[in-house]
Structure formats: structure tokens, C-alpha cells
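User: Before we go through this model strand by strand and helix by helix, please show me the sequence and the structure.

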Amino acid sequence: MRRRAFLVQSALWAGGALMAGPLRGWGMNPVRQEVNPLTEKELYALFRDPEAPYHPFVRWWWNGDKVEAGELIRELNLLKAAGIGGVEINPISFPSTGDDLGKKSLTWLSNEWIDMLQVTFREAQKLGMTCDLIVGSGWPFGSETLTAKERAQVVIIHAEKLEGPRKYETSQFNIFKNVDPGVTIPNPARTAEIISLKLVPDPMSGLNQVVDLSDKKGDEIISVDVPAGKYVFYALVKFNSFASVINGAPGAAGHILNHMDKAAVRKYLDHMSDTIQQKTGPLSRHLRAFFTDSMELEGCNWSDDMEEEFRKRRGYDMMPYLPFTMFKVGRLGGVVDENYGAAKTPEFAEIIKRVRFDFELTKAELLRERFTETYLQWCRDLNVKSRAQAYGRAFFPLESSLGYDIPEGESWTTNWLKHKIGEEMPDEDYRRGRGYTWINKFVSSAAHLSGKRVVSCEEMTNTYNVFNATLELLKTGSDQSILSGITHTIWHGFNYSPPDAPFPGWVQYGSYYNENNNWWPYFKYLNQYKARISSVLQHAGMFSEIAVMPATYDLWGDMGVQTDPFPEKLNVPYTSLIWEAIHKTGGSADYTTEIILQDSTVQKGKLCYGPKKYSTLFLVEVTSIYPETLARLFDFVSSGGRVFCIGKYPEKAPGFADYQERDEKVKQMVDKLKGFPDRFILLEKPQDNRFLEWYGAVVKKYQIPHYLEIEQPDRFVLQNRYQGDDKSEIFFFGNAHRYNPFLSKVTFSPEIVKGRYPWIWDPETGDRFRFELKGNSFDLQLGPAESRLIVFSREKNGKLWQPLLPAGPNLVNLEGPWQAEFRHSRENQVKSLEMEVLKDLKETEMVNFTGTVIYRKKFEASGMKSVILNLGQVYGVSEVLVNGKSCGVKWYGRRIYEITTLVQSGLNDLEIRVTTTMGNYMKTLTDNPTAQKFTVLKTKDQPIQSMGLVGPVTLYSFAK
């Protein structure tokens with residue numbers, strides 16, 4: 001492999017103890033990061049022919065662990081041929097609708113199962129593919145063999161409104177029944193105990209009103225005399241073994257591990273690695289990385305020593321307050337009723353928010369110390385990289401990713417919102433139309449702060465439109481992932497499914513990456529495109545000089561931690577629109593946090609952490625902030641840096657202990673910062689939610705740093721800037737609209753252009769082309785769903801870029817009739833029709849077709865020196881043949897072909913092949929449970945999809 005590896009210290013560049021204030025003890029270990037410094041010549045050679053590690057990987061679901069050696073080998077070869085560079089081995093439960101053919105399930109960590117690992121390792125090595133291995137199975141991980149002490153715990157509340165005077169009776173049974181955790185898979189071994197019982201007035205104003213009934217918690221029947229008035233009866237209940245692994249395979253299903261128990265975590269991890277290595281030898285010979293999926297811990301919030309740890313860290317006893325900090329929760333610990341229990345006066349509600357923050361902070365610290373650091377050390381001990389989605393619930397959303405060798409985010413084709421990637425991108429809802437999720441910017445920012453270039457992504461997660469995902473949709477969403485900071489794709493996912501399994505095979509989730517998918521023969525084009533981009537971005541550092549700090553600590557206090565990557569609710573829903581607006585208007589940003597800020601140094605008006613230096617900081621409606629953080633910001637501002645407070649100035653400190661004194665320090669520090677009115681600036685947020693336009697005006701008024709002038713910013717068009725090892729400047733532009741083109745004058749800043757020349761590197765073909773600037777500007781044209789990779793190089797001479805435009809002189813419309821031949825991919829049928837007018841197939845009798853449609857027509861192109869063919873609107877993958885010779889495949893965006901050399905005088909034969917999706921057909925398979933599950937049933941009912949060649953089909957001459 002063309003690379004030179006060396007160690008990068010991924011943290012502690014700033015020197016000294018990481019936290020000097022209340023967030024102390026955040027020590028990050030050095031991470032072994034492979035860096036491959038390449039010259040531009042070497043980088044372009046790699047881009048043209050990217051090695052396997054740069055190709056997308058797949059999450060490879062070993063469905064039900066019903067795996068056999070021959071099939072594992074066959075599927076690895078199938079993936080290799082499709083352009084896949086590696087696999088994440090992921091044992092999982094058997095799909096609910098699959099026919100298992102009577103095949104045996106292998107037990108996780110059994111000798112037979114490890115034998116299959118070895119088969120996989122050997123074949124992958126033979127093919128030059130990489131293997132990662134998930135820890136455990138399903139999520140969050142655990143196993144049937146965990147002891148009671150090692151299982152996850154949760155503390156939750158039961159609150160019942162009462163009106164007195166009356167005698168109230170309830171039983172432990174009734175309390176446990178009403179508060180039984182609403183988890184995805186309840187654990188039949190769960191046990192419950194009452195921690196405390198309380199009676200409070202409704203509303204309540206303080207702890208002095210609490211009647212403690214905890215002496216009754218052992219009573220089978222609990223009897224309470226309720227005074228006159230409105231009251232709430234509280235029961236604080238702890239459940240042990242409260243939930244089961246979701247989708248766990250045999251041997252790794254059952255009880256969830258308590259991730260807050262360091263000894264249990266290390267025991268579990270060692271058991272896994274020791275058992276495997278007894279047969280395989282050192283796993284470092286076989287694996288790139290161990291992987292952990294997102295930490296969706298089902299609301300786990302407790303350990304045996306939680307009370308003691310809280311008191312030690314926060315300086316007071318939380319137990320009197322704890323019931324009143326909690327909400328009614330359901331699946332994954334998500335809040336289902338934020339007004340549960342007694343109403344609180346504003347003064348008491350403020351105290352409760354502070355205690356709630358302290359509780360969330362303590363949980364996050366314990367998970368970092370007991371799970372994250374334990375997992376990272378285990379990987380280091382094995383000399384295997386650590387890869388993880390280091391988020392979920394109760395984790396630090398940015399800092400938890402700092403220590404991992406390969407931090408990972410995730411993107412989705414769609415979710416329960418049924419939003420439409422490529423068709424919408426509003427400011428009213430930060431989720432709609434985005435392939436990337438909320439968490440991606442936290443993850444990629446952690447990578448940038450710790451000097452990592454490989455940032456992986458569970459890419460285009462698909463649990464909804466499984467049979468309707470197109471290559472164009474996957475590209476559009478995946479391009480959005482790149483723009484959120486991702487550099488390495490892990491497709492979600494490839495199902496282990498033997499050929500003899502009844503159609504459509506064993507399908508857990510995913511975009512039906514399967515040889516039976518109509519577009520499978522063309523999948524390699526997407527993978528080659530992704531590989532070329534990754535090969536460049538993994539050899540460059542993302543440029544960013546703006547930092548954005550979300551109001552995370554306010555969120556923790558006001559609402560509690562949320563489930564990432566899809567938080568149930570946000571205190572500042574527009575937060576991600578700020579970084580989007582920066583990237584849409586010619587700048588670049590990372591997220592930051594108080595932990596990062598407190599450990600940053602200030603040098604020449606810049607906040608410095610690791611390799612990053614920021615001249616500008618945005619605080620996004622931050623209300624609570626530590627005085628120690630403001631002290632660092634004072635150093636920053638007084639030395640020339642600028643802080644913009646969006647919506648409000650900070651006004652208080654988080655947490656409960658000594659809060660009046662700390663609040664006063666915050667106010668004093670804010671007043672000191674206001675002494676720099678040109679550098680500590682309050683910005684009113686836009687009242688109309690139009691953040692792109694608002695930020696553009698802010699840039700002009702305050703001269704916010706940016707390296708591009710984009711004359712016509714667009715909601716769907718973002719860009720990233722990277723810098724190569726040899727100081728080359730690299731830009732990635734992406735148009736996320738699947739139907740509309742983009743055109744704007746773009747001007748580069750002088751330091752980019754000086755002594756360099758612009759090139760377009762084409763990730764579809766591997767070719768590169770020179771283009772000329774007018775001054776420092778050029779007209780950026782992007783077709784629908786199109787991206788552009790631009791590299792500024794010292795090299796001057798090369799072939800000029802001559803894009804194919806959507807129209808030109810001598811334009812001729814190719815009207816009907818068209819002869820259409822429908823080759824069904826499943827029913828071995830061929831049907832021919834004459835179409836006077838090209839139509840979307842969903843509007844014809846062929847609405848339920850799946851397969852390839854061949855449209856045929858004869859044409860003349862006399863008098864045209866150059867001939868361009870534009871197919872117009874196409875729904876599917878297209879291939880054009882002129883006089884029997886292929887002009888190539890196009891699988892997204894505009895379908896424009898240069899056919900000059902294939903056109904002859906007189907009549908020419910034109911053949912346009914369009915390969916469709918499968919969803920419309922799958923809806924008709926009423927006796928096929930898998931087809932129905934993903935196209936008809938419940939929330940997955942799919943609309944009828946557009947298919948085929950719609951046109952208009954035109955011929956014209958080449959235009960410059």
C-alpha cells in the first residue's frame with residue numbers, strides 16, 4: 001500500500017491538564033492514526049486507481065448466524081466484484097419474515113462460529129479486503145450469560161395525581177406494573193425495587209413540602225393519608241436487568257451489559273477477544289477495527305455506586321431531588337411526557353434543571369471513564385483499531401468521539417418523517433431533506449480536533465424504502481455525508497442470504513444490496529465514485545476557522561439528554577442550520593464544546609486545540625456556561641478573536657452547587673466581555689427562520705471569515721475546503737437537489753489562487769481537466785445531484801474541461817413513436833409496446849413493472865459536426881447504444897451523452913436502456929411477507945414510484 005504511517009498525538013497538544021475547572025479529569029490518550037503524506041502526483045495516481053481500503057465497506061449482517069463457509073466465500077467475491085473494499089462482520093437476529101431453510105444458527109463465540117470467522121478472514125485476505133468486527137451482536141450489546149450484577153440498570157419514576165382528603169392505597173405490584181420500562185424488548189428476568197416514596201403538593205415549591213414515605217417502601221400494600229388539596233404520589237423505582245439486546249444473534253442476545261460497570265465491560269470484552277484468539281491467534285492479523293454501534297442504551301442511567309459518585313463529583317446528595325428531575329420515558333429512554341408529575345414553581349423548576357444537568361453530567365462522565373476508556377484501552381491492548389458510533393444517550397456528543405481511531409456518524413435514506421432527500425431542505429425543520437443526521441457534525445468535528453482523517457459513516461441507513469432506493473438517492477445522501485465531514489463509507493447494509501432462499505432472500509434492513517436487485521450490476525459505479533473521493537479526502541485536512549458551540553448543557557438541564565442521532569426534542573432546533581449556512585456561503589465550521597474551549601490555548605487571536613485554529617466562535621443561544629469557559633473566551637477576545645452570541649448572552653452557570661456565586665461570576669465575565677463591543681457581539685436570530693439569507697447578511701456586516709464568494713447561495717448547495725499534505729487546496733461542492741441545476745459565480749480568496757491552477761478531478765472516470773479563472777472567479781455549474789471536486793495545483797498545463805451542457809445549437813426533439821421492450825427481471829417475461837409519447841411508467845399499464853425497458857428509435861443527424869444526446873428526465877439507470885455500440889452508463893442526474901463518433905450519415909439506430917426500481921412490483925406480491933413488510937405494511941407503505949424514460953429526448957451540437 002502506498003503510504004507512510006506514523007503516530008499522531010490526537011489530544012493534549014495544548015499541554016497541561018485537560019480541564020482545570022469543574023469539568024476536570026478529561027484526559028485523552030494518544031491515538032494511533034495512520035497518516036499518508038502524499039505528493040500531489042502520488043495523490044492523483046491514487047485517485048485514478050484507489051486501493052481497496054478507500055472503497056466503501058458494507059455492514060455485513062450474518063442473519064441469525066446461519067452462516068456456512070461456501071456462502072461466506074461466495075458473498076465476499078460478489079462484494080469484491082461490486083467494488084466493495086471491506087466488510088463489517090455483524091451477527092444479528094434472523095429477519096422476522098425470512099425462510100431460514102432449516103439452516104442451523106451458530107452460537108456467537110462457539111467453535112463453529114469462530115471457524116466461520118476464520119473462513120472469512122482467509123478469503124478477505126486473499127481478495128485484499130478489510131474486516132472489521134462488531135462487539136457482541138445487535139444493540140446495545142450484551143449476552144445471555146451476564147450475571148445479574150453485570151446487567152444494565154435503570155431508575156424511573158411513577159407519579160400519580162391524587163386529590164384529598166382521602167386514604168390512598170396501592171401495591172408494589174401496581175407501581176411496578178405502571179412503571180415497567182417501555183423498552184424495545186423487555187427482559188423477562190427484570191426485577192424491581194422501590195428506592196423512595198414521596199407525597200408532594202401540586203404544584204410544589206421546594207423540598208420542604210415533601211412528605212417522605214420511604215418507610216413504607218417494603219410494604220406489600222402501601223397506604224397513604226392524603227390531606228385536603230391536590231397532591232402527587234411519587235415512587236422512585238430501580239429495575240435491574242430491565243431490557244434485552246435488540247436484534248441480538250444467538251449467544252449475544254438476552255441481557256444488556258451495564259456500560260457503567262468498568263469491571264463488567266472489561267470482562268465482557270476480554271471474554272470475546274480471548275475466546276476468538278484461542279483459535280485465530282492475534283486478531284490484529286485479521287481485523288482493522290472492532291466496532292460498536294450507537295449506544296442506544298434503552299435509558300440505562302444507574303450503577304450500584306451512582307449515589308456515591310454523584311456526591312463525590314457534584315458535592316451534594318441528589319436523592320432528595322432525583323424524582324423531580326425525571327420525566328415519563330419510553331423506548332430508548334425517550335421522554336414521552338415532559339409534564340409528568342407535579343407542577344413546579346419557576347424558582348423550584350430552576351433548581352431542578354440544575355440538578356438534572358448535574359445528573360446527566362455525572363452519567364456522561366461515568367460512561368466515558370467506565371465504558372469508553374475501557375473499550376479504547378482494550379483495542380490498544382489488542383493492537384486493533386477502535387471504531388465506534390460514540391453517541392446514543394448519556395454520552396458527550398462530541399468528546400466521546402475524540403479518542404477513537406475511526407469515529408463514525410450515520411446518514412439515512414429517510415426515517416419516520418418520510419422526508420425527501422433531494423427535494424426539500426427547509427430551515428423550518430433541520431431534519432427534512434438531509435441525508436446526514438444531527439450527530440455527524442459532532443463526530444467529524446471531534447475527528448478534526450484530534451487530527452483524524454478517516455471519519456466513517458453508517459451510510460444511507462434504510463429501514464423504510466428498502467426496495468425503492470436508487471443509486472441516485474444513495475449518491476445524493478452520501479454526498480451530503482461528505483459535506484458533514486465524512487470521508488469513509490460503510491453501506492447499511494449487505495444481508496447474508498444464500499441463493500436458494502426464496503426471493504427476495506433474507507432481508508433485515510438496507511437498500512437491498514443484493515444480486516437480485518435490478519441495479520446491482522451498476523452498483524460498482526457508485527462505489528468507484530466514492531472510492532476516488534475518499535482517497536483524496538483521507539489524505540487532506542478539512543479547513544475550518546469558525547467554531548460553533550451548541551447549547552448542549554442547557555439541553556441537558558431543560559430536557560435531559562436526548563437519543564442521538566435523532567433527538568426527541570431540541571432546545572435550539574436551528575443549531576445545525578448555522579453550520580449549514582456557513583458552508584453554503586463560502587466558509588467552513590466545526591462544532592466545539594466547553595470542554596474543548598477550556599482546554600484550548602489562545603495564540604494571536606485564535607482558539608487553538610490540536611491542529612485546529614479558530615478566529616471566530618458562535619454561541620448558539622447559550623444560556624448556561626461555566627465561568628472558566630468565559631475566562632478562556634475573555635483571553636480569546638482580548639487578543640483579537642471574536643465571539644458572536646446568537647439570540648442571547650450567556651447569563652448563568654450550569655449545575656446546582658454554589659450556583660448563586662457561580663452565576664454572579666458568569667455575569668461579571670459577560671460584562672467584561674461586553675467591554676469589547678466589536679468582538680463580543682449579540683446577533684438577533686432571524687424571525688422568519690431564513691438562516692441562509694440571515695447569515696449572508698451577517699457575513700457582509702461583520703466580515704466573517706470565508707474563503708469563497710458565492711454570488712448566488714442556494715439551500716441545496718454546500719462546499720467543504722481541504723488542504724493536502726503538499727499544500728494543495730481541495731474543494732468539494734455538492735448540489736443536493738435531484739431535479740434542479742445550480743449556477744453561480746464563485747470567487748476564490750487570493751491565498752488559494754496564488755501560484756496555483758484549478759483542476760477538476762472527475763471521480764466517475766478518474767480523469768482530470770484544467771479550467772481557467774477570470775481573475776479569481778469562475779461560473780460553477782452543477783446539474784441535479786451533481787458534485788464537483790476541484791484541486792488547486794502548482795501544475796499548469798493539461799486537457800481543458802469541456803462540460804456537456806443540457807442544450808445547444810441545432811436542437812432537435814426526438815418525438816414518438818418509440819418502440820419499448822419491457823424485460824421483466826423476475827418473471828422471465830418480455831413485452832413490447834409502442835409509445836407515441838414518453839411517459840412515466842407509473843402513469844401507464846406498466847406501473848408494476850420491474851426490470852429493464854429498452855426504448856428504440858431511428859434518427860438522423862445530418863449537418864451536425866458534433867452530436868450531443870440528452871435523455872431529459874430518467875427514473876432509473878440509463879445506458880445508451882448508438883448503432884449497436886455503447887455510449888456508457890449514467891446512474892444519476894443529467895443523462896447527457898457525447899455520441900459524435902458513433903453517428904453515421906443517414907439513419908442511426910438509437911437504443912436507450914433504463915433499469916428500474918423494484919418497489920412497485922414488490923407491492924403486488926401479496927403472498928410475500930418480506931415484500932409486503934417493506935412496501936405495504938404499517939409505516940412502510942410506499943407510494944407508487946416513478947420509472948422509465950420521460951424525456952424530452954433531444955439532439956444538439958456541442959456548445960462551449
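User: In which sense do β2 and strand β3 pair, and over how many bridges?
Analyst: This is a predicted model, and in it the partner of β2 considered here is strand β3, made of residues 130–134. Among the facing residues, Ile89 stands opposite Leu133 in β3. The chain passes from β2 to β3 through helix α3, residues 111–127, in a right-handed β-α-β crossover. The pairing of β2 with β3 is parallel, over four bridges.

User: Which residue is the bridge partner of Val58 in β2?
Analyst: Strands β1 and β2 pair in the parallel sense over seven bridges, and together with α2 these two strands make a right-handed β-α-β unit. Within β2, the bridge partner of Val58 is Val87.

User: How many residues of β2 are buried, and why is β2 described as largely enclosed?
Analyst: In a regular strand the side chains alternate between the two faces of the sheet. On one side of β2 lie Gly86, Glu88, Asn90 and Ile92, on the other Val87, Ile89 and Pro91, and all of them are buried, where buried stands for under 20% relative accessible area. Strand β2 is therefore largely enclosed by the rest of the structure, the number of its buried residues being seven of seven.

User: Which strand does β1 join over five bridges, and which residue there is the partner of Trp60?
Analyst: The eight strands form a closed barrel with parallel pairing, in the order β1-β2-β3-β10-β13-β14-β15-β16, and neighbouring strands of this sheet are turned by 30° against each other on average, direction ignored. Strand β1, residues 57–63, runs parallel to the strand of residues 488–495, and five bridges join them. That strand is β16, and the bridge partner of Trp60 there is Phe494.

User: At about what angle does helix α2 run to β1?
Analyst: Helix α2 covers residues 69–81 and lies across three strands, namely β1, β2 (86–92) and β16. Its direction relative to β1 is about 160°.

User: Where does α8 bend, and by about how much?
Analyst: Helix α8 spans residues 346–382, and its 37 residues reach 53 Å from the first C-alpha to the last, close to the 54 Å expected at 1.5 Å a residue. The helix is mostly covered, with 28 of its 37 residues buried, and it is followed by Asn383, whose phi is positive, near 60°. The bend in α8 lies at Arg368 and amounts to about 35°.

Methods:
Residues are numbered from 1 along each chain as its sequence is written. This is a predicted model: local features need pLDDT of at least 70, side-chain atom pairs count only at pLDDT 80 or more; totals for chains, interfaces and linings use all residues. Side-chain values use heavy atoms; hydrogens and water are left out. Two strands pair if DSSP finds at least two bridges between them. Axes are lines fitted to C-alpha atoms, for helices over the stretch in contact, and angles run from 0 to 180 degrees between N-to-C directions. Contact means heavy atoms within 4.5 Å. The expected span of a helix is 1.5 Å times one less than its number of residues. The bend at a residue is the angle between axes fitted to the seven residues ending there and the seven starting there. Buried means under 20% relative accessible area, exposed over 50%, partly exposed in between (1.4 Å probe, protein chains only). A crossover is right-handed if, with the strands pointing away from the viewer, the path from the first strand over the helix to the second runs clockwise.
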